[in-house]
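Trainee: I would like to learn how to read a model of this kind. Please take me through the features one at a time.

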Amino acid sequence: MQPSQTPSRVNFAGWLYVSPLVLVLVPFFVAPILVVLAASFFATDGFGGLTPGFTLASYVEVLHSALTLKLYLATIKFTVLTWIFTLIIGFFVAYFLVFHVRNQLLAIGLFLLCTVPFWTSNIIRMISWIPLLGKEGLINQVLLAMGVIRQPLEILLFSDLAVVIAYVHQLTIFMIVPIFNSMARIDKKLIEAAIDAGASRLDIMRLIVVPMSKSGIALGTIFVVSIVMGDFFVVKVMSGGGSASVVSAFYEDVGVLQYPTAAASAVLLTLVLVAIVSLILRTVDIRQEITR
Amino acid sequence: MSAVLADMPKTETSKTVVPASTKAIAPSKGGRPWTFYALATLFAAYVIALYGPMFCIYVLSFQDIRGGLVFPMKGQSLHWFVDLFTQVRTGDVKGSFDRSIKLAVIVTIITVVVSFLAGLGFRKRFRGDTVVFYMMIGSLVAPGLVLGLGTGLLFQALGLNASWYTSALGAQLSWTLPFGVLVMFAVMSRFNHAWEEAAYDLGASRWQSVRLVMIPVLAPGLVAVALFGFTLSYDEFARSLQTAGSLNTLPLEIWSMTLNVTSPSLYALGTVTTIVSFIVIGASLGTIVLIQKKRGSRAKG
C-alpha cells in the first residue's frame, strides 16, 4: 500500500470499501429485524392490520402457551440429533480426506465431490428421499423382498426420522468444510513426532487432532444449529405435518396473519439463537479463524 | 469449500517443491492401517447417500404417462418434462424459471462487485470493522423466514410493492453477500501484497493496480464468489417466500408443487433445475482450472 497513511485515512478508506455491503445489510438485515421487533409489541386486528403501540400481550400469549414449550423441545431434539450425526460423519469424512488420502489433488477432487450438492436445490434434495423412504419406496421394497419385514415400515417417511435424515443429508457439508480447513492446517510433522514418541492412535486423536480442529467444529456447529433452528420446510414436508418446530409454527402464524404473535416468537427464537452462538463464539475467535 | 478453491493454485505449485507433505500418516510406510479401510467405507457410504437419492428422482422423471412417485420405473419417455412446461395445473414453471435465472444473474453481479470491495476493505483494520463483520455473520445465521417477513412488512409499511426484483433481490443479497465476503477472506489471505507494492513502485495508480494486478491474480477466487452468488440465489427459498410478491421464483414454484402435485412432474422439475445447477458448477470449476492451467504454462514458458 501507499506509505504514510494517517489512521483517519485508513478508517475512511475501509468504510468506503465496505459501504456497498453496509448499504445492503442495513435495509435488508438490520431494518427487517427491527421491524419484526417492533411488530412484536404491536396489537393486531386479526386480519393482518397492525396497530402501532406498545403491548406485551403477544409475549404473554407465546410464553403462556403450552405449545411453545413443546415446539422448543421438538426443535431442540431435532437440533441435537442433527448436530451429533453431522459432527460424527463430518469429522470422520474430513479426517479421512486430510490424513488418509495421500494424493493431495485426489483429496481436493473428493472434497469437491462432497461439496457439489451444496450448490444445488435443497428442496429437490429433500424430496428426493420420497422414492426411497416412502411406504412403497425402495427401502421397504428391498426389506420386504429379503424377508426382513412382513409389513412395510411406515416410520421411514413422514416421521421425525425422515426429518433428521433430511437434515443430516443437507447439513453434513457445513461440518465437513470448516473441519477440513482446520485439520488441513495441522502440521503432519507433529503427528509423526507423536508416533515416534509412542503415542497410540487414540492419543493422537484425543490430544492432537480433536483439540486442533476445535475451531472448525465450532464454526460447523454454528452453521448447523442456526440452520436447523431456523428451518421450517424440512420439518413441514418430511414429517408430513406430524411435527412442528418453532419456525414452522411461525410460518403457520404468518399464514393466518397473526403477525405480532409470530414476531414475538421470532424475537424469542432469535434471542435463544444469539445466546447459543455467542456461547460457541467464546471458545473460538471466528474472525481471526476466517481471515487468517 | 471456499478455501479449497482458493487453495488450488497453492497446491499445484507447492506439490513439486514439497512432495513430502502429501504423505499420509500411517504407522507403517507401505500398508494401510485398518482405520483407512473403515474410514474409506464411511466416506463411500456418505457419498452414496449424498448422491443416491438425487439420482433416484432423475431416473424416475423419465417415466411415461403411467409413472408414479416410487419405483419400479414405468416405461421411459419425456412425458413429464413436456407436461411440466405445457400443463396449467403445475403452475407457471416457465415464467418462474425465467425470473429465477434473471434474478440469479443480477445477484451474481452485485455479489461479486460488493464482496470484492468488502474484501479490499477488510484487509486493514479500521474503526468499526467488527460491527460490520458481526452484522454480516448475523445476516448469515438469522432465520431466513423471519428476515423475509421483516422485509415484507417493511415494504408494506413504506407503501412499496414487494416484487422479485426489489425486495426479493435485497433479501437474497442478505444471504449471498456474507458467503461472498467469506470466500473473499479466504482468497485475500493468500494474496501476496508484494505484487501490489511492486505495482505502486512502478508508478501504477490505485485503480491500475486493482485492474491490472489484483483482479487478474484473484480471478479464480472471483469466479468462486460468482458461483456462490448464482447458485445460492437460484436455489434460495426461505428469504424469498415473503418478499417475492405476486410472481414466484423457481424454488417457490417447487415448494407449491411439493404441497399439491403428486406426479413425476415434480421430479422432472427437479431434474431440470439440477441440470442448470450442474452446468453452472461445471462452468465455474472449469473456468478456475483453465485459469490455473494457463498460468502454469505461462510460468513455465
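Mentor: What follows treats confidence, secondary structure, packing, annotation and one bent helix. This is a predicted model, in which local features need pLDDT of at least 70, side-chain atom pairs count only at pLDDT 80 or more, and totals for chains, interfaces and linings use all residues. Residues are numbered from 1 along each chain as its sequence is written, while chains are lettered from A and ligands numbered from 1 in the order in which they are written.

Trainee: Which elements of chain B have the lowest and the highest mean pLDDT?

Mentor: pLDDT is the predictor's confidence in each residue, from 0 to 100. Helix H1 (residues 2–17) of chain B has the lowest mean, 41, and helix H4 (residues 93–121) of chain B the highest, 93. Chain B as a whole averages 83, with 88% of its residues at 70 or above. Over residues 1–24 of chain B the score stays under 50. For the complex, the predictor gives an ipTM of 0.87 and a pTM of 0.86.

Trainee: How many helices and strands does each chain have?

Mentor: Both are DSSP runs numbered from the N terminus: helices are H or I with at least four residues, strands are E with at least two. Chain A has 15 helices and two strands; chain B has twelve helices and zero strands.

Trainee: What share of each chain is buried?

Mentor: A residue is buried if 20 or more other C-beta atoms lie within 10 Å of its own, exposed if 12 or fewer, and partly exposed in between, with C-beta atoms placed from the backbone. The buried share is 44% of the 292 residues in chain A and 45% of the 301 residues in chain B.

Trainee: Where does UniProt place the domain in chain A?

Mentor: UniProt positions use the numbering here, feature names are shortened, and annotations may be inferred rather than shown by experiment. The unreviewed entry puts "domain: ABC transmembrane type-1" at residues 72–280 of chain A. That span is 77% helix and 0% strand, and its end C-alpha atoms lie 20 Å apart. The UniProt entry also lists "transmembrane region" spans in chain A, including residues 12–42, which are 90% helix with end C-alpha atoms 39 Å apart.

Trainee: What does helix H9 of chain B span between its end C-alpha atoms?

Mentor: The expected span of a helix is 1.5 Å times one less than its number of residues. For the 29 residues of H9 (206–234) in chain B, a straight helix would give 42 Å, but the model has only 35 Å. The bend at a residue is the angle between axes fitted to the seven residues ending there and the seven starting there. In H9(B), a kink of about 65 degrees lies at B:Ala219, shortly before the proline B:Pro220.

Methods. Two residues are in contact if their C-beta atoms, placed from the backbone, lie within 7 Å.
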